[in-house]
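Biologist: I would like to learn how to read a model like this one, feature by feature. Please give the general idea each time, then the case at hand.

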Amino acid sequence: MAEGLRRSPMSAPPKLRLNSVLNAVTRRGPFLGNSAGVIAMVYNGVNSTIGHFRGKHDSVNSVVAGAICGMLFKSTRGIRPMMISGGLVASAAGAWAVCLSISISNLGLG
């Protein structure tokens, strides 16, 4: 969306700006969607495998799976991007695990 707004002049009519945004979204959307899908599938596979071998499913599995998944996703770019991506995905998985545990404890299920 930002790319489409940036490419169209500020003085352009709203219909032209909307068209520019839609063109940019359809240009980038499939790549971003496919990337997110690959990350999600690898994350779930690694998370399940770790849970199987450890014999329990907890937030540690989620964070480790996130780190492995993020590092694997950017492994062709070099060490620094690989570590950054691993840290970002591990942080997101950890935040998700914490939010999930808080919501479960608030519901009285855990």
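Biologist: Let me start with a single side chain. Does Asn-61 count as buried or exposed?

Modeller: This is a predicted model, so every value here is computed from predicted coordinates. To place a residue, take its relative accessibility and compare it with the cut-offs: under 20% is buried and over 50% is exposed. Asn-61 has 0% relative accessibility, so it counts as buried. The residue belongs to helix H3.

Biologist: Which residues does Asn-61 touch, leaving out those up to four places away in sequence?

Modeller: Asn-61 is in contact with Asn-47, Ile-50, Gly-51, Arg-54 and Lys-56.

Biologist: Let me step back to the whole chain. How many helices and strands does the secondary structure hold?

Modeller: There are 4 helices and 0 strands. Read from the N terminus, the order of elements is α-α-α-α. The radius of gyration is 19 Å, while the globule rule gives 13 Å for 110 residues; the chain's value is well over that, so the chain is more spread out than a compact globule.

Biologist: What box do the C-alpha atoms fill?

Modeller: Along the principal axes, the C-alpha atoms fill a box of roughly 60 × 40 × 20 Å. Of the 110 residues, 25% count as buried. The accessible surface comes to about 7800 Å², and carbon and sulfur atoms account for 69% of this surface.

Biologist: What share of the contacts joins residues at least 24 apart?

Modeller: Take the contacts between residues at least 6 apart in sequence: 29% of them join residues at least 24 apart.

Biologist: Now the interior. Which residues form the largest nonpolar core?

Modeller: The general idea comes first. In soluble globular proteins, nonpolar side chains tend to be buried together. In this model the largest nonpolar core has 6 residues: Tyr-43, Val-46, Ile-50, Ala-65, Cys-69 and Ala-93. Helix H2 (14-54) and helix H3 (59-73) each supply at least two residues of this core. H2 gives the most, with 3 residues. As for one core member, Val-46 touches Ala-65 and Ile-68, if residues up to four places away in sequence are set aside.

Biologist: A cysteine is listed in that core. How many disulfides are counted?

Modeller: A disulfide is a covalent bond between the sulfur atoms of two cysteines. The count here comes to 0 disulfides.

Biologist: Why is Cys-69 without a bond to Cys-99?

Modeller: The sulfur of Cys-69 has its closest cysteine sulfur in Cys-99, and the distance of 19 Å is too far for a bond. The closest cysteine sulfur to Cys-99 is likewise that of Cys-69, at 19 Å. As to solvent, Cys-69 is buried because its relative accessibility is 1%.

Biologist: Let me turn to charged side chains. With which side chains does that of Glu-3 make polar contacts?

Modeller: Look for pairs of polar atoms at short listed distances, then check how the residue sits. The side chain of Glu-3 makes a polar contact with the side chain of Arg-27 at 2.9 Å. Another polar contact joins the side chains of Glu-3 and Arg-28, at 2.8 Å. Glu-3 is in helix H1 (residues 2-7). At a relative accessible area of 12%, Glu-3 is buried. Beyond four places in sequence, Glu-3 touches Ala-24, Arg-27 and Arg-28.

Biologist: Sequence distance and spatial distance can be compared too. How many Å separate the C-alpha atoms of Ser-91 and Val-63?

Modeller: Their C-alpha atoms are 7.1 Å apart, and the two residues are 28 residues apart in sequence. Ser-91 is in helix H4 (residues 79-107), and Val-63 is in helix H3. Both are partly exposed, Ser-91 at 49% and Val-63 at 33%. Past its sequence neighbours within four places, Val-63 is in contact with Ala-90, Ala-93 and Gly-94.

Biologist: Where does Phe-31 lie, and is this residue buried or exposed?

Modeller: Phe-31 lies in helix H2. With a relative accessible area of 58%, Phe-31 is exposed. Its C-alpha atom is separated by 18 Å from that of Ser-75, 44 residues apart along the chain.

Notes. Residues are numbered from 1 along each chain as its sequence is written. This is a predicted model: local features need pLDDT of at least 70, side-chain atom pairs count only at pLDDT 80 or more; totals for chains, interfaces and linings use all residues. Side-chain values use heavy atoms; hydrogens and water are left out. Buried means under 20% relative accessible area, exposed over 50%, partly exposed in between (1.4 Å probe, protein chains only). A polar contact is a pair of N or O atoms within 3.5 Å; within protein, one must be able to donate a hydrogen and the other to accept it, and residues adjacent in sequence count only if both atoms are side-chain atoms. Contact means heavy atoms within 4.5 Å. A nonpolar core is a set of buried Ala, Val, Leu, Ile, Met, Phe, Trp, Tyr and Cys residues joined through side-chain atoms within 4.5 Å. A disulfide is a pair of cysteine sulfur atoms within 2.5 Å. The radius of gyration is taken over C-alpha atoms; the globule rule is 2.2 Å times the number of residues to the power 0.38. Accessible areas come from the Shrake-Rupley method with a 1.4 Å probe; for residues, only the protein chains shown count as cover.
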